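Thank you all for coming; I would like to walk you slowly through one model today, strand by strand and then helix by helix. Please keep the picture open while I talk.

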Amino acid sequence: MAVPRGSLDRRLFRMLGLVCALYQIFFVRSTAAQTAQLSVDASPQNIQMIPENMFGIFFEEINHAGAGGLWAELVNNRGFEAGGLNTPSNIDPWLIIGDESNIIVATDRSSCFPTNPIALRMEVLCESSGTNVCPPEGVGIYNPGFWGMNIEEAKVYKVSMYIRSSDSVDLTASLTSSDGLQNLASHTIIADSEDFKEWTKVEFDLQSSESYSNSRLQLTTSKSGIVWFDQVSLMPSDTYMGHGYRKDLASMLANLNPKFLKFPGGNYVMGNYLLNAFRWSETVGPWEERPGHFNDVWGYWTDDGLGLFEFLQLAEDIGASPVWVVNDGASRYEQIPPATIAAFVKDVVDGIEFARGDPGTTWGSVRAAMGHPEPFQLNYISMGNQECSMHYYKENYRKFYSAIKASYPDIKIISSCDRSTISPNEPADLYDVHVYTSSGDMFYKSSMFDSTPRGGPKAIVSEYAVTGNDAGRGTLVAALAEAAFLIGLERNSDVVEMASCAPLFVNDNDRRWSPDAIVFNSWQHYGCPNYWMLHFFKDSSGAALHPSTIQVSNYNQLVASSITWKNSKDGNTYMKIKVLNFGNQVVDLSISVTGLENDIQTFGSIKTVLTSGSLRDENSFQQPDKVVPVESPITNARKQMSLVLDPYSLTSIDLLLDASTKMHSLLDSNLHSSL
């Protein structure tokens, strides 16, 4: 049978395409492959110990990272304070169930809490019978939380609220679907007219009959009368370590094995105006007594459930050293002059007493009353947020420095000024560095500290991120560029003591900044490529760094580092070699390890690779694992071996070592010094 001309053309075209593809695979790939030699000097005398707190995390209240995120409170604007002190005020996102013919709500200043004077007055005009009959499900108010409440089947949720009424009360508290038609759990509050004559706290549990990711909490009644509500809270009973943090998000932090937690932010600490700055003393004590404040830099209200105590507790829970960024009397647009800075200095010293003071001290007793009689291990204070250029910063800084060192000489104080300004007259233990740049520039900043003079105060690179067009919402190329930068910090860990990326979290419903390490909504989360990149560095803190050099011709796209680290879980010691290929060519890498006192075991070693099909690949709720590390076993591992590096990839090999008493002792001593 004759083949039609069109069909023949199509077959020839497909065959030509196949030939071209095979050409690309076998010829172009082979001719484009680079060869390179990585030499690692594992001699004990050339080891450099990486600081035990080298890699950590930085939390800022941005993108609803805490309110509606890490902090597990499900009610948004729990105290009705977000609308301000002038009443009636906006109660957003609270809304009514019913209409103005049967219910009227308004805020007033009748709360029992002096620091939180606003309460909500609900007047119900309808009845269960008579001329003005309430709708079948009653009337009332509801709160949708932060873009929906995630309610899970069989889980228990703790409800608390304050109620006042001169009338008898018949209320129903319910968890429902977003339209209120599907009931997930409910509890009835029935009381006589005398029971709630004064403000009374009501607490109960709700257990959901099914799961619904976009739920709401509603308070309804079919009884006429006036009821006041205040400080309405809904918390999951199952939180991280039982301390109020959203379990899935806090676990993602813990999985990074961070050695420090810097908090509560940068601009968030300052505020656009001091009126809205983070004031630590207003964020401690019972949650319902905290006034909350407007985060004017990032444009939303926070009830301050996530306050100084909770940050210190979180650091303790995940095994990190707390680094507290204090307000030093400056906002973005204001600054307190030295003549009147004394009150701000005392406020910071009082805050340190809250963290570290004995239970018998004024502020230590407040911490103890919150359930933590033992002092927190607060050893770092960061003075402000990149404020060195502000007119009064240096003079005010000296006052803070002197006062803190007088009471707590062991605390390390971090300056916002760069290294060149630090002197005996402008002392500092560390200086803060922020790096935001393109992926290409970030890659070349792997050598940023190569020429830094040794000796003197070290750097804390507390904020770094790839930004710009190639950053997207968290791309592979951004993660790889940041990996190169961190490898450079490892190599220069004699002059860099700590490093953390920024920002950490973003609620997908309120992106004020991109990219971020962890993305979430009310019920989902995923790590961006740079989050997974950080896993390649979670064993570096306190590890032994070995000198390593790469020899390659006409290809300056490789950076590498080598460490020896001890796995605290199984007691094994590994040599980790990380190599980043930031170019578009395959690299055939020969690895040579010399001076290693212990042998490499033939089996038990692992290769891990982070790469993807496109430089701009991102993870998403639909594809959360599109760009994640892939592990595979290494067989026949040895001191001289070969490795193929994919284009645009980060590769690490963890080589299982035979036991070495000397190396074990060295790593153990560094590990214990960090505990």
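Let me begin with a term: two strands are said to pair if DSSP finds at least two bridges between them, where strands (E, at least two residues) and helices (H or I, at least four residues) are DSSP runs numbered from the N terminus. With that in mind, look at M122, which stands opposite V227 in β14, while on β5 the residue V105 has M122 of β6 as its bridge partner.

Before going further, I should say that this is a predicted model, in which local features need pLDDT of at least 70 and side-chain atom pairs count only at pLDDT 80 or more, whereas totals for chains, interfaces and linings use all residues. Residues are numbered from 1 along each chain as its sequence is written, and side-chain values use heavy atoms, with hydrogens and water left out.

Back to the strands, then. Strand β5 (residues 103–108) and strand β6 (residues 119–124) run antiparallel and are joined by six bridges, and β6 is in turn joined to strand β14 (residues 225–236) by five bridges, again antiparallel. Strand β9 (residues 156–164) also pairs with β14 in the antiparallel sense, over seven bridges. Which residue of β14 is the bridge partner of L120? That partner is F229, and F229 is the bridge partner of I163 as well. Eleven of the twelve residues of β14 are buried, meaning under 20% relative accessible area (exposed is over 50%, partly exposed in between, with a 1.4 Å probe and protein chains only), so this strand is largely enclosed by the rest of the structure.

Next, please find the open sheet of four strands, whose order is β28-β1-β31-β34 and whose pairing is mixed. Its edges are β28 (548–552) and β34 (640–645), each of which has a single partner strand, so one side of each is left without a neighbour in the sheet. From one strand to the next the twist averages 20°, where axes are lines fitted to C-alpha atoms, for helices over the stretch in contact, and angles run from 0 to 180 degrees between N-to-C directions. Within this sheet, β1 (residues 34–41) and β31 (residues 587–594) run parallel and share eight bridges, one of the pairs being V40 with V593.

Now to a pair of helices. The axes of α5 (residues 342–356) and α7 (residues 393–407) come within 10 Å and cross at roughly 35°. The contact, which means heavy atoms within 4.5 Å, is made by F344, V345, V348, V349 and I352 of α5 together with K399, F400, A403, I404 and S407 of α7.

Finally, I would like to look at one residue, N63, which lies in the loop between β3 (57–58) and β4 (95–97). Is N63 buried or exposed? N63 is buried, with a relative accessible area of 0%. Leaving aside neighbours within four places in sequence, N63 is in contact with several residues, including Y300, P503, W513 and D516. The side chain of N63 also reaches the backbone nitrogen of R512 at 2.7 Å, which fits the definition of a polar contact: a pair of N or O atoms within 3.5 Å, where within protein one must be able to donate a hydrogen and the other to accept it, and residues adjacent in sequence count only if both atoms are side-chain atoms.
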